[in-house]
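Biologist: I'd like to go through this fold with you and hear the reasoning behind each label. Can you show it to me before I start asking?

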Amino acid sequence: MKHYVLVLLSIICLLPAGCIKDDLSECDNVIIYFRYLADGDKDVLYQYMDQVDLYVFDESNRIMGVGHYNHDQLKNFAAIPSFKLQPGRYKVVALGNAKEQTEVVNVTATDFSQIFIQHPNWGSDDKVTGHDHNYLGQKEIVVPGENRHLRDTVELYSSHINVAVEIFGLERPVGSKADEDMPYELTFENSNAQTSFNNEINEAEKGTFYPNLVYDEERRCYRTDDCVLFRMDHEGDLTHDRCEHILVLKDKRTGEELVRGNLFNYLQRNADQIDVTKQEALLPISIRFSSIGVTVEVPEWVIEDIKPEF
């Protein structure tokens, strides 16, 4: 897949600005606000986003430019893009938290379903070990003429789910180098690799995701550390095509496969306790090894006394 480096074009400057003139023809005429409601009705944008990038496209969906707004601007309500556009129709796309684990590909495509965010390692020989906590939103705007101004709001929606896996009953690691001495490897096979600028999963692109495992001395268990996957639902419905993930736990020393389970089946069986269609969705999984075998269940801190298995 070809990667593109986006250069801010001189035709547009996405920076907060002011203009006090009798003749407003040279002033910025578009002001965009950002909003994120999470799972409530209050704007909590700055609590969840460290940065927002605003992409501007013309009526033919050709990229015109991008502006970057950091956490301080978001927190202090200074992240208000102000710029000048000629009268006409445009689209703006807001992308939240596109940091080290996010790249935008195919940005020059005129079909938003073909512009994707993904981890930079997808398609390479390097492992994908995490995702950023991404958010996306888009809006079509109509810029008026006659020196009139446009003020509009782009609402962002979650593009990810948080995953918390805990593993009990295995021997603790020996050694001080966490990565080298970690005896077990957790993966999610058939993991969703791309999300489009329409905030839809690309069902054609799947790969293997390698979340970081750490050993929790206090709880005496292995657990994931900041594990984030792209979403698995479509318009609030969990679908099999978007949730083909297979959880696999291996012993790295022997190559033995200790656990293999289908996430869709797990979520279907525990739908009354786990809702991955929320904006701030959490997928909790507890794996327990004992003398009688292994169980994969909802963690006790989510629900007690109910322990359905794969």
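**Sheets, rings and charges**

Modeller: Keep in mind that this is a predicted model. A good place to start is strand β5 (residues 88–96), which runs antiparallel to strand β8 (residues 135–143) and is joined to it by nine bridges.

Biologist: What makes β5 and β8 a pair?

Modeller: Two strands pair if there are at least two bridges between them. β5 and β8 have nine, so they count as paired. One of the contacts puts Arg89 opposite Val142 in β8, its bridge partner.

Biologist: Which strands are the edges of the open sheet ordered β3-β2-β5-β8-β10?

Modeller: That sheet has five strands with antiparallel pairing. Its edge strands are β3 (63–70) and β10 (157–158), as each pairs on one side only.

Biologist: And why are β14 and β21 called edges?

Modeller: They belong to an open antiparallel sheet of four strands, in the order β14-β12-β20-β21. β14 (206–209) and β21 (257–262) each have a single partner strand, so one side of each has no neighbour in the sheet. Inside that sheet, β12 (residues 184–192) and β20 (residues 246–251) share six antiparallel bridges, and Glu185 has Lys250 in β20 as its bridge partner.

Biologist: Why is His131 called buried?

Modeller: Its relative accessible area is 1%, and buried means under 20%, so the label fits. His131 sits in the loop between β7 (116–118) and β8. Leaving out residues up to four places away in sequence, His131 touches several others, including His119, Trp122 and Phe230.

Biologist: What makes Phe57 and Phe197 an edge-to-face pair?

Modeller: Their centres are 6.4 Å apart and their planes make 85 degrees. A pair needs centres within 6.5 Å, and edge-to-face needs planes over 60 degrees apart, so both conditions are met. Both Phe57 and Phe197 are buried.

Biologist: Why does that pair tie together separate parts of the chain?

Modeller: Phe57 is in strand β2 (residues 51–57), while Phe197 is in the loop between β13 (195–196) and β14, so the pair links parts 140 residues apart in sequence. Ring pairs also bring Tyr55 and Phe112 into a cluster with Phe57 and Phe197.

Biologist: How do you know that the charged end of Lys91 sits over the ring of Phe112?

Modeller: It is 5.0 Å from the ring centre, and the distance limit is 6 Å, so that part is satisfied; the direction must also be within 35 degrees of the ring normal. Arg288 likewise lies over the face of Phe168, at 4.2 Å from the ring centre.

Note on methods: Residues are numbered from 1 along each chain as its sequence is written. This is a predicted model: local features need pLDDT of at least 70, side-chain atom pairs count only at pLDDT 80 or more; totals for chains, interfaces and linings use all residues. Side-chain values use heavy atoms; hydrogens and water are left out. Helices (H or I, at least four residues) and strands (E, at least two) are DSSP runs, numbered from the N terminus. Buried means under 20% relative accessible area, exposed over 50%, partly exposed in between (1.4 Å probe, protein chains only). Contact means heavy atoms within 4.5 Å. Rings of Phe, Tyr and Trp (its six-membered ring) pair if their centres lie within 6.5 Å; planes under 30 degrees apart count as stacked, over 60 as edge-to-face and the rest as tilted.
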